[in-house]
Structures are given as C-alpha cells and as structure tokens.
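Student: I would like to go through the labels given to some residues and strands here. Please give the reason behind each one.

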Amino acid sequence: MSTPQVTAYIINEAQRRIWSQELNLGKKESCGQISNNTAKMECIEFQEIKSVIASFKSMRLAKPKRADKKAMESVMDEKFAIVFQSEFKIYGQIPVNISVFIKYAI
C-alpha cells in the first residue's frame, strides 16, 4: 500500500464554491502554482489519540493568476483559498476523499 499524500492548491472564490458543491473532489484546476505542494500523510499517537498529519516544508506561492482588471474598475482584494486535498482508503477498502479550505485574500 502506498503512503497517502496531501496536495495543496490555490483557488479563487468562484472555484471554491464549485469545489465545495461537488461530490467528486478529484483533482481540480488551480489558479496559481504552489511550489513544494505535496506532503506524505503520517499517523501519530498522542495521549492515546491517533491523528494524521502532513508537514509541508518550504511551500510557497509561485505564480498566482489574477483576474484581468480594467482601469475603470474599482480596486478590491481578490479572494483566494488554499485547499489541502487527499484521497486514501481506510482498511484498504473504504475510499475517503477529503478537502480542507483555508481562506485568504491577496
């Protein structure tokens, strides 16, 4: 069995709405590049509670894609989210697909 991985994507507000409404959360289109955006999932135990973690080292936003703005449009912060997504199986049979959104504006 391969070790599950967590992948980080950057998406805009419209993509986040679509992503959160779909049941099939397979790989989606990102609106920018994040370098070092994958990490292996590890199982840890702390005070008899088992958890999973993924540590991202040196992750950074490389090339955000912003919407084209005309000179007459007002200037506003564009809203983005970072999505951490993983797919794995529990007991080798039960498929799990999980996504976690972290909102921010640039």
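Tutor: Contact means heavy atoms within 4.5 Å. The model is predicted. By that cut-off, and leaving out residues up to four places away in sequence, M59 touches A8, I34, S35, N36, N37 and F84.

Student: Where is M59 placed, and how far is its C-alpha atom from that of A8?

Tutor: M59 lies in the loop between β4 (49-54) and β5 (60-64). The C-alpha atoms of M59 and A8 are separated by 9.1 Å, with the two positions 51 residues apart along the chain.

Student: Why is M59 called partly exposed?

Tutor: Its relative accessibility is 29%. Buried means under 20% and exposed over 50%, with partly exposed in between, so M59 counts as partly exposed.

Student: What makes strand β1 largely enclosed?

Tutor: Of the 8 residues of β1 (residues 5-12), 6 are buried, and therefore the strand is largely enclosed by the rest of the structure.

Student: How do you know that β1 pairs with β6 and with β3?

Tutor: Pairing needs at least two bridges. β1 and β6 are joined by 7 bridges, and β1 and β3 by 3, so both pairs qualify. β1 runs antiparallel to β6 and also antiparallel to β3. The bridge partner of A8 in β6 is F84, while T7 stands opposite T38 in β3.

Student: Why is I90 called partly exposed, and which patch does it help to make?

Tutor: I90, in strand β6 (residues 79-90), has a relative accessible area of 36%. That value falls between 20% and 50%, so I90 is partly exposed. Together with Y91 and I94, I90 makes a nonpolar surface patch of about 360 Å².

How values were computed. Residues numbered from 1 in each chain as written. Predicted model: local features only at pLDDT ≥ 70, side-chain atom pairs only at ≥ 80, totals over all residues. Heavy atoms only, no water. Patch = residues over 30% accessible without salt bridge, like charges linked within 9 Å, V, L, I, M, F, W, Y side chains within 5 Å. Areas by Shrake-Rupley, 256 points an atom, 1.4 Å probe, with all protein chains shown as cover. Salt bridge = Lys/Arg side-chain N within 4 Å of Asp/Glu carboxyl O. Helix = DSSP H or I, 4+ residues; strand = E, 2+ residues; numbered from the N terminus. Buried < 20%, exposed > 50% of the residue type's maximum accessible area, 1.4 Å probe, protein only.
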